[in-house]
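Take a walk through this model, from single residues to helix packing and then to the nonpolar interior. Keep the coordinates open while you read.

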Amino acid sequence: MEANNLWKLFIDEPLEDYTLVIPSVAVGNVGQLACDLLISSLKMVKIASVHSLAQIPVVGYDPYDLKSNNLSSACEVYKSESKKLVVVQIRSPLIYKYARSFLTNIVDTFKSKGIKDVIILTSSFAHEKKLVLSSSFRYVATENSPYRDKITELKLTEHESVNDEIKIFGGGFACLLHKICQEKSLPCLILYKYCSEGDNLPDAYEMIGYLTKVHDIFPKDKDLFAQLKEPVSWKLLFGRPPPADIY
């Protein structure tokens with residue numbers, strides 16, 4: 001049985017020469033937090049919502065604007081016209097038996113709109129890192145990825161595959177989406193960080209730092225952290241403080 005995706009488009013426009021950034025629901029939620037930073041900092045506009053059997057339903061207030069009357073859901077699409085960037089923010093895990101059909105539909109839909117490449121942000125269990133003194137970041141890139149020269153220049157460490165099979169433990173659906181992009185001949189880059197569960201906000205900031213080295217999103221002549229704006233939803237990331245009357 002396939003999961004039929006229902007797209008609710010608020011803005012239906014071609015996306016030629018745009019880059020698609022999508023987070024994988026993974027350990028520490030680093031990819032999702034990094035996408036939150038992108039959406040909030042670039043003041044990206046929501047252009048679509050995607051509803052599917054493949055996702056656990058989630059609904060809440062607008063995570064980027066407390067004054068908004070709009071609700072947010074499990075999968076939403078945001079666009080920055082000035083940066084030629086589209087972000088698919090995914091807020092709940094995928095149900096395994098529907099994952100492939102869901103992700104294939106995502107790739108087919110954006111490829112039909114002219115998307116030029118895909119960047120997947122994810123993470124992996126810290127204990128899977130074999131070389132302790134090496135960088136915490138790794139990458140996987142298809143042969144047609146436009147970032148290969150930049151990656152070589154930056155001397156980023158490539159993920160070690162086993163028998164040509166890519167496995168990122170704790171990385172969610174990143175490897176499956178990468179495989180689908182390969183099958184569709186769509187350039188794809190996975191950028192991931194080894195991390196542990198806990199306060200993963202610093203990991204998200206570091207992820208954006210590496211992402212902007214690979215893809216020119218923020219001006220290099222300005223301090224990156226000064227250009228990043230935390231979404232208002234992060235104020236309740238760890239719940240409310242304990243009530244004072246319990247002490």
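Is Ser49 buried or exposed? This is a predicted model, and in it Ser49 has a relative accessible area of 5%. The cut-off for buried is under 20%, so Ser49 is buried. Its place is in strand β3, which covers residues 45-51. Now look at what surrounds Ser49. Setting aside neighbours within four places in sequence, Ser49 contacts Leu6, Trp7, Lys8 and Phe10. It also contacts Ser73, Cys75 and Glu76.

Move on to Ala99. This residue sits in helix α2. Ala99 has 6% relative accessibility and therefore counts as buried. Beyond its neighbours within four places in sequence, Ala99 is in contact with Leu94 and Leu176. Now compare sequence with space. Ala99 and Phe173 lie 74 residues apart in sequence. Their C-alpha atoms are 7.8 Å apart.

Ala99 leads into a helix pair. Two packed helices are described by the angle between their axes and the distance between the axes. Here the pair is α2 (residues 96-112) and α4 (residues 174-183). They pack at an angle of about 50 degrees, and their axes are 10 Å apart. That angle makes α2 oblique to α4. The crossing of the two helices is right-handed.

Which residues of α2 and α4 meet? From α2 come Ala99, Arg100, Leu103, Thr104 and Val107. From α4 come Leu176, Leu177, Lys179, Ile180, Cys181 and Glu183. Sorted by class, this contact has seven nonpolar residues, one polar residue and three charged residues.

Next comes the nonpolar interior. The largest nonpolar core has 39 residues. Val21, Leu38, Leu121, Ile208, Leu211 and Phe218 have the most contacts inside this core. Several elements supply at least two residues each. The helices are α1 (30-41) and α5 (201-214). The strands are β7 (85-90), β8 (117-125), β9 (137-141) and β10 (188-195). Which element gives the most to this core? That is α5, with eight residues.

Leu211 is a good place to zoom in. Not counting residues up to four places away in sequence, Leu211 touches Leu38, Ile119, Leu121, Leu191 and Ile217. Two of these partners, Leu38 and Leu121, are also named among the residues with the most contacts inside the largest core.

A second core is separate from this one and has 38 residues. Among them are Val107, Phe110, Leu177 and Cys188. Val107 and Leu177 also appear where α2 meets α4.

Note on methods. Residues numbered from 1 in each chain as written. Predicted model: local features only at pLDDT ≥ 70, side-chain atom pairs only at ≥ 80, totals over all residues. Heavy atoms only, no water. Core = buried A, V, L, I, M, F, W, Y, C linked by side-chain atoms within 4.5 Å. Buried < 20%, exposed > 50% of the residue type's maximum accessible area, 1.4 Å probe, protein only. Helix = DSSP H or I, 4+ residues; strand = E, 2+ residues; numbered from the N terminus. Contact = heavy atoms within 4.5 Å. Axes fitted to C-alpha atoms, helices over the stretch in contact; angles between N-to-C directions. Parallel < 35°, antiparallel > 145°, perpendicular 65-115°, else oblique. Left-handed = near helix turned anticlockwise from the far one by under 90°. Nonpolar A, V, L, I, M, F, W, Y, C, P; charged D, E, K, R; others polar.
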